[in-house]
Amino acid sequence: AKPYWVNGQPVQVGATALAPKLLRVMSPAQAIATGAMLAIIGSGLVLWGTMLSGTLATITIITGDTVAAIGGGPIFALGAGIIIASAPVGRTGSASGAQEVAGSLGNALGLAIGGSLAVIVYQAAMGTMAADGLDPVAARQAAESIGRAMALAATLSDETGATLEMA
């Protein structure tokens, strides 16, 4: 399997730049809600894509990342403006700082929760390897880290090693 990575950030930059144009046809609240809905749908597609395989998985993940990036545009562009515009004149700096801290905290929590879920799913998948013919000791070692699993796969027979690499 070849690794792949498609970055949705250029799409999000474009969506952020175009977000103010949405205000011509909808209110800021509607634009942000629409963006949030698209971000949720895109994230769901990415999650679903991780359960698929082959080209369909790649297409689903790329599509989901793109949809989530488009949805993030109005949230970032309009959300910051609403926060700063609603603050009293003498407190706009504090409002801007609070918005920045809240965004950073959200990113950090999302990364921590996502990483924790990834570890749980990985270790659960590795736990089933013992049932698939892999020695229970080797299965526990493979569950420790992806690097350990790949090193272990290189020492096994072709069929068992390939199965471990795919897991």
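1. A good place to start is the largest nonpolar core, which has eleven residues: Tyr122, Met126, Leu134, Ala138, Ala139, Ala142, Ala143, Ala149, Leu152, Ala153 and Leu164. Helices H4, H5 and H6 are the elements that give two or more residues to this core, and H5 gives the most, with four residues. Please keep in mind that this is a predicted model. As background, nonpolar side chains tend to be buried together in soluble globular proteins.

2. Helix H5 (136-144) deserves a closer look. Its residues Ala138, Ala139, Ala142 and Ala143 are buried. Around the helix axis they cover an arc of only 140°, so they sit on the same side of H5. Arg140 and Glu144, on the other side of H5, are exposed. The buried residues of H5 pack against H4, H6 and H7, and Ala138, Ala139, Ala142 and Ala143 are also members of the core described in point 1.

3. Next comes helix H6, which covers residues 146-155 and has Ala149, Leu152 and Ala153 as its buried residues. Viewed down the axis of H6, these residues fall within an arc of 105°, and therefore they line one face of the helix. The face turned away from the buried side carries Ala154 and Thr155, which are exposed. As for partners, the buried residues of H6 pack against helix H4 (92-127), helix H5 (136-144) and helix H7 (158-166). Ala149, Leu152 and Ala153 belong to the largest nonpolar core too.

4. Which residues does Tyr122 touch, not counting residues up to four places away in sequence? They are Ala142, Ala143, Ser145, Ile146 and Ala149. Among them, Ala142 and Ala143 are buried residues of H5, while Ala149 is a buried residue of H6. Tyr122 itself is a member of the largest nonpolar core.

5. Helix H7 also has a residue to note: Ala162 lies in this helix. Is Ala162 buried or partly exposed? Its relative accessibility is 37%, so Ala162 counts as partly exposed. From C-alpha to C-alpha, Ala162 and Phe76 are 43 Å apart in space, with their positions 86 residues apart in sequence.

6. Phe76 leads us to Gln12, a residue of helix H1 (residues 9-22). Leaving aside neighbours within four places in sequence, Gln12 is in contact with Ala69, Gly72, Gly73 and Phe76. Gln12 has a relative accessible area of 13%, under the 20% limit, and so it is buried.

7. Thr60 is another residue worth visiting, and its place is in helix H3. With a relative accessible area of 8%, Thr60 is buried. Not counting residues up to four places away in sequence, Thr60 touches Leu45, Trp48, Gly49 and Leu52. Of these partners, Trp48 is found in helix H2. Trp48 has a relative accessible area of 46%, so it is partly exposed. Trp48 and Thr60 are twelve residues apart in sequence, and their C-alpha atoms are 7.5 Å apart.

8. How far apart in space are Thr60 and Thr155, C-alpha to C-alpha? They are 33 Å apart, and 95 residues apart in sequence. Thr155 is one of the exposed residues of H6, whereas Thr60 is buried.

9. Finally, please look at the surface, where Val11, Met37, Leu38, Ile41 and Ile70 form a nonpolar patch. Together these residues have about 390 Å² of accessible area. Helix H2 (residues 28-49) gives the most to the patch, with three residues. Ile70 is found in helix H3 (residues 54-86). Ile70 has 39% relative accessibility, so it counts as partly exposed. Helix H3 is thus a useful one to view from two sites: Ile70 in the surface patch, and Thr60, which is buried.

Notes: Residues are numbered from 1 along each chain as its sequence is written. This is a predicted model: local features need pLDDT of at least 70, side-chain atom pairs count only at pLDDT 80 or more; totals for chains, interfaces and linings use all residues. Side-chain values use heavy atoms; hydrogens and water are left out. Patches are made of residues with over 30% relative accessible area and no salt bridge: like charges are joined within 9 Å, nonpolar side chains (Val, Leu, Ile, Met, Phe, Trp, Tyr) within 5 Å. Accessible areas come from the Shrake-Rupley method with a 1.4 Å probe; for residues, only the protein chains shown count as cover. A salt bridge is a side-chain nitrogen of Lys or Arg within 4 Å of a carboxyl oxygen of Asp or Glu. Buried means under 20% relative accessible area, exposed over 50%, partly exposed in between (1.4 Å probe, protein chains only). The arc is that of the directions from the helix axis to the C-beta atoms. Contact means heavy atoms within 4.5 Å. A nonpolar core is a set of buried Ala, Val, Leu, Ile, Met, Phe, Trp, Tyr and Cys residues joined through side-chain atoms within 4.5 Å.
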